[in-house]
Amino acid sequence: MLEATRVRNLPPYLFARIERLIAEKKEAGVDVISLGIGDPDTPTPKHIIEELYLAAQNPENHQYPSSVGMLSYRQAVAAWYARRFGVQLDPKTEVVSLLGSKEGIAHISWCYVDPGDLVLVPDPGYPVYEGGTILAGGAAYKMPLKPENGFLPDLDSIPEEVARKAKLMFINYPNNPTGAVADLGFFEKVVHFAKKYEILVCHDAAYSEITFDGYIAPSFLEVKGAKDVGIEFHSLSKTYNMTGWRIGWAVGNAKAIDALGRLKSNIDSGVFQAIQYAGIKALEGPQDVVKELCDLYAQRRDLVIETLNKLGWNLSKPKGTFYIWAPVPKGFTSASFAEYLIEKAGVVITPGNGYGTNGEGYFRISLTIPTSRLKEALQRIEQHLGKVEF
Ligand SMILES: Cc1ncc(COP(=O)(O)O)c(C=O)c1O
């Protein structure tokens, strides 16, 4: 049976290819160290697990939840936004729960994109922005993220006819994969652009709490007028080591939040209520766990940067995310460098071209691996690669 065009048009999921490569090496008996997928290695804080345990025992939580989330969960999200960013949200109309931010990111295109419409997508970028666009029948217009622009898209270089055809724009800061951050001045430009061309801005703020060296990431919604043109995606995954729990939210423009909620009510039945209670606990409980997590990633970041710089790189330390984005040495492509490291050192890194054509010539290292294993991976890289040139 022939698959539908929308599924045939999907690019292969980046990590599926990497997982196959890892499996082959493991079968051959190699002790593979993966610096590939970004998935926190330390556990969810205890007080959050305890809340789940309590809530899971209440039969009221065993029934279908609401697709848009319990009001108490949405209130907790709104209160967190007020505390953290000074952004006021109406929990009834401007907050919707998600089965992880990935779910909302993939579904928002279904709300706004008709076949033939364009979506502005960062390149390199999180692959789901394009995947969701393709599933809705749209096409992605890639906004290159270049080092000379601080890995921010150059809005002035987007052709007028493209901007007029675009329905959505995805942006993501702190940024996966580049680790770049954006300030309110950039978000102001985005609001202006979106108003001019009637585009819904979808800011993915999944890493807003994973920041270092005193840097505090702003919310897109802090900018005046942002709520008129945009929503922000967020989740508990990275902040509280809850990737497996599948809980997040979208906030902002009430019409877009309503559209996403209506779409979701036709697809899923919301997040298990016991997980929503645990989510409330995460947002309202002690926040020192987040600081400890960021300190841990900062230590690992420094290890990676110091090792690579010793070998000939000239990298500065990213202010956010748990990724290091670096150019491949002279003589390599992204793919050949990834293959070289897995063949020679048994170390998996992510080839940058998996995040878009502008990722070619780069690779990404994830810091979500126990420090001892990270040290071993770095030793192996040093041993098998030696000094490099660019
Ligand atoms: C940029 C970005 N956005 C969103 C997500 C999805 O996170 P979740 O669905 O767990 O909230 C990820 C996960 O890796 C990500 O890197």
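**Exercise 1. A phenylalanine with an odd backbone**

Task: Is phenylalanine 151 buried or exposed, and what is the sign of its phi?

Solution. Start with accessibility: phenylalanine 151 has a relative accessible area of 14%. Buried means under 20%, so phenylalanine 151 goes in the buried group. Keep in mind as you work that this is a predicted model.

Next, the backbone. Phenylalanine 151 has a positive phi, about 60 degrees, even though it is not a glycine. That deserves a second look because most residues other than glycine have a negative phi. Finally, place it on the chain: phenylalanine 151 sits in the loop that runs between β4 (139-144) and α7 (160-165).

Now try threonine 321 in the same way. Its phi is positive too, about 70 degrees, and it is not a glycine. Threonine 321 belongs to the loop between α12 (288-311) and β9. With a relative accessible area of 0%, threonine 321 is buried.

**Exercise 2. Two prolines to check**

Task: Which residues come just before proline 124 and proline 174 in their cis peptide bonds?

Solution. Go through the bonds one at a time. Aspartate 123 leads into proline 124 through a cis peptide bond, with omega near 5 degrees. Proline 124 is in the loop between β3 (118-123) and α6 (128-135).

For the other bond, tyrosine 173 comes before proline 174, and the bond is cis with omega near -10 degrees. Proline 174 is in the loop between β5 (166-172) and α8 (184-197). Both are worth flagging because most peptide bonds are trans.

**Exercise 3. The annotated lysine**

Task: What surrounds lysine 238, and which side chain makes a polar contact with it?

Solution. First, the record: UniProt, in an unreviewed entry, lists Lys238 as a modified residue, N6-(pyridoxal phosphate)lysine. Such annotations may be inferred rather than shown by experiment.

Then find it in the fold. Lysine 238 is in the loop between β7 (230-235) and β8 (248-252). Its relative accessibility is 13%, so lysine 238 counts as buried.

Now list the company it keeps. Setting aside neighbours within four places in sequence, lysine 238 touches Gly38, Ala206, Tyr207, Ile210, Leu293 and Phe322. Tyrosine 207 deserves a closer look: its side chain and that of lysine 238 are joined by a polar contact of 3.4 Å.

**Exercise 4. Laying out a small sheet**

Task: What is the strand order in the open sheet of three strands, and which strands stand at the edges?

Solution. Write down the order: β9-β12-β11, with antiparallel pairing. Now look at the ends. β9 (323-327) and β11 (350-351) each have a single partner strand, so one side of each has no neighbour in the sheet.

For the detail, take β11 with β12 (residues 362-366): they pair in the antiparallel sense over two bridges. To pin this to residues, match proline 351 with phenylalanine 363, its bridge partner in β12.

**Exercise 5. Salt bridges, far and local**

Task: How many salt bridges does the structure hold, and how many residues separate arginine 300 from aspartate 41?

Solution. The total is 21 salt bridges. As background, side chains of opposite charge can pair when their charged atoms come close.

Take the bridge between arginine 300 and aspartate 41, where the closest N and O atoms are 3.0 Å apart. This pair links distant parts of the chain, 259 residues apart: arginine 300 is in helix α12, and aspartate 41 is in the loop between β1 (33-34) and α3 (46-56). Compare their settings: arginine 300 is buried at 2%, whereas aspartate 41 is partly exposed at 28%.

Now go to helix α14 (residues 371-385). Arginine 373 and glutamate 376 are three residues apart there, so about one helical turn separates them. Their side chains form a salt bridge, 3.8 Å from N to O. Arginine 373 is partly exposed at 26%, and glutamate 376 is partly exposed at 30%.

Glutamate 376 also bridges to arginine 380, with closest N and O atoms 3.0 Å apart. These two residues lie four apart in α14, about one turn of the helix. Arginine 380 counts as buried, at 13% relative accessibility. Put it together: salt bridges with shared partners connect Asp31, Arg373, Glu376 and Arg380 in one network.

Note on methods
Residues are numbered from 1 along each chain as its sequence is written. This is a predicted model: local features need pLDDT of at least 70, side-chain atom pairs count only at pLDDT 80 or more; totals for chains, interfaces and linings use all residues. Side-chain values use heavy atoms; hydrogens and water are left out. Buried means under 20% relative accessible area, exposed over 50%, partly exposed in between (1.4 Å probe, protein chains only). Contact means heavy atoms within 4.5 Å. A polar contact is a pair of N or O atoms within 3.5 Å; within protein, one must be able to donate a hydrogen and the other to accept it, and residues adjacent in sequence count only if both atoms are side-chain atoms. Two strands pair if DSSP finds at least two bridges between them. A salt bridge is a side-chain nitrogen of Lys or Arg within 4 Å of a carboxyl oxygen of Asp or Glu.
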